[in-house]
Amino acid sequence: MIQSLKRKIKLMALTVSSVLLLAACSAAPSADVNYYRLPHLNQPSTGYCDGQARQIAIDAGIGRDGVMVQETELLMVEARNNRWVGGLASQLQNSLQRQLTDRCEHRLQVSLMQFYGNTQGEAVVAGYWHFNDGSKAGLRGAFEQRVSLNNDGYAGLVRALDRAWLKSLTNIEQQIKN
């Protein structure tokens, strides 16, 4: 009787192990995660302001790790498998310090309120800025760029966001110079 019970337990264990092995082999592979960097950060920089002189604040809704897409008027979706390498805030801070290098002795604060793609095929970048030039009020302004995607997919969106961000920085720089 004990031998019969032992055989049944062994057979059951073998059956369970086989089922688990088959389930593991047939399971869909986990999706690969793609990490994106704003393309202009791959280029050499001609100057650099320190982090105290150039600061960025990012709205909590866009400062996440995943690339954001607005699917409807109300629904924003964060990509699970398409992420910002090192975080979006870090990339934008680095960019701000590299791109706006005139008058580093004065503080520029940029607040980014929108940085996402939408289902109309646009990259949207918007926010406001304050440049403390030593005067009582300083200089202030707002910016908004909507750039059409040249290519579909997340890589196309990242390139369009990069162009929109650089256009925004160029506009800020021109307003500061004038």
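The lining of the second largest cavity divides into seven nonpolar residues, one polar and no charged. This is a predicted model, so to speak of a cavity here is to speak of a computed one.

The residues around that second cavity are Ile62, Gly66, Val67, Met68, Trp84, Leu88, Phe115 and Leu161. Gly66 counts as the polar one, because glycine is placed with the polar residues under the rule used. Strand 3, residues 66–70, supplies the largest share of this lining, with three residues. The space inside comes to about 30 Å³.

Now the other cavity. How many cavities of 30 Å³ or more are there by this rule? The count is two. The largest has a volume of about 90 Å³. Its lining divides into four nonpolar residues, one polar and five charged. Going through the list, we have Arg54, then Leu100, Thr101, Asp102 and Arg103, then Leu108 and Phe131, and finally Glu173, Ile176 and Lys177. Which element gives the most to this lining? That is helix 3, with three residues.

Helix 3 brings me to the helix packing. Helix 2 covers residues 88–99 and helix 3 covers residues 153–177. Their axes come within 11 Å and cross at roughly 40°. That makes helix 2 oblique to helix 3, because angles under 35 degrees would count as roughly parallel and the perpendicular range starts at 65. The crossing of the two helices is right-handed.

Which residues meet at this crossing? From helix 2 there are Leu92, Ser95, Leu96 and Gln99. On the helix 3 side they meet Trp165, Leu166, Leu169 and Glu173. By class, this contact divides into five nonpolar residues, two polar and one charged.

Two links between the parts, and then I am done. Glu173 of helix 3 takes part in the contact with helix 2, and Glu173 is also listed in the lining of the largest cavity. Leu88 lies in helix 2, which runs over residues 88–99, and Leu88 is among the residues lining the second largest cavity. Leu161, from the range of helix 3, lines that second cavity too.

Conventions: Residues are numbered from 1 along each chain as its sequence is written. This is a predicted model: local features need pLDDT of at least 70, side-chain atom pairs count only at pLDDT 80 or more; totals for chains, interfaces and linings use all residues. Side-chain values use heavy atoms; hydrogens and water are left out. Axes are lines fitted to C-alpha atoms, for helices over the stretch in contact, and angles run from 0 to 180 degrees between N-to-C directions. Helices (H or I, at least four residues) and strands (E, at least two) are DSSP runs, numbered from the N terminus. Angles under 35 degrees count as roughly parallel, over 145 as roughly antiparallel, 65 to 115 as roughly perpendicular and the rest as oblique. A crossing is left-handed if the near helix is turned anticlockwise from the far one by less than a right angle, and right-handed if clockwise. Contact means heavy atoms within 4.5 Å. On a 1 Å grid over the protein atoms alone, a cavity is a set of points where a 1.4 Å probe fits but cannot get out, and a pocket is an open set with protein on both sides within 12 Å along at least five of seven lines; lining residues have an atom within 4 Å of a point. Grid points are joined across faces, edges and corners, and a volume is the space filled by probe spheres set on the points.
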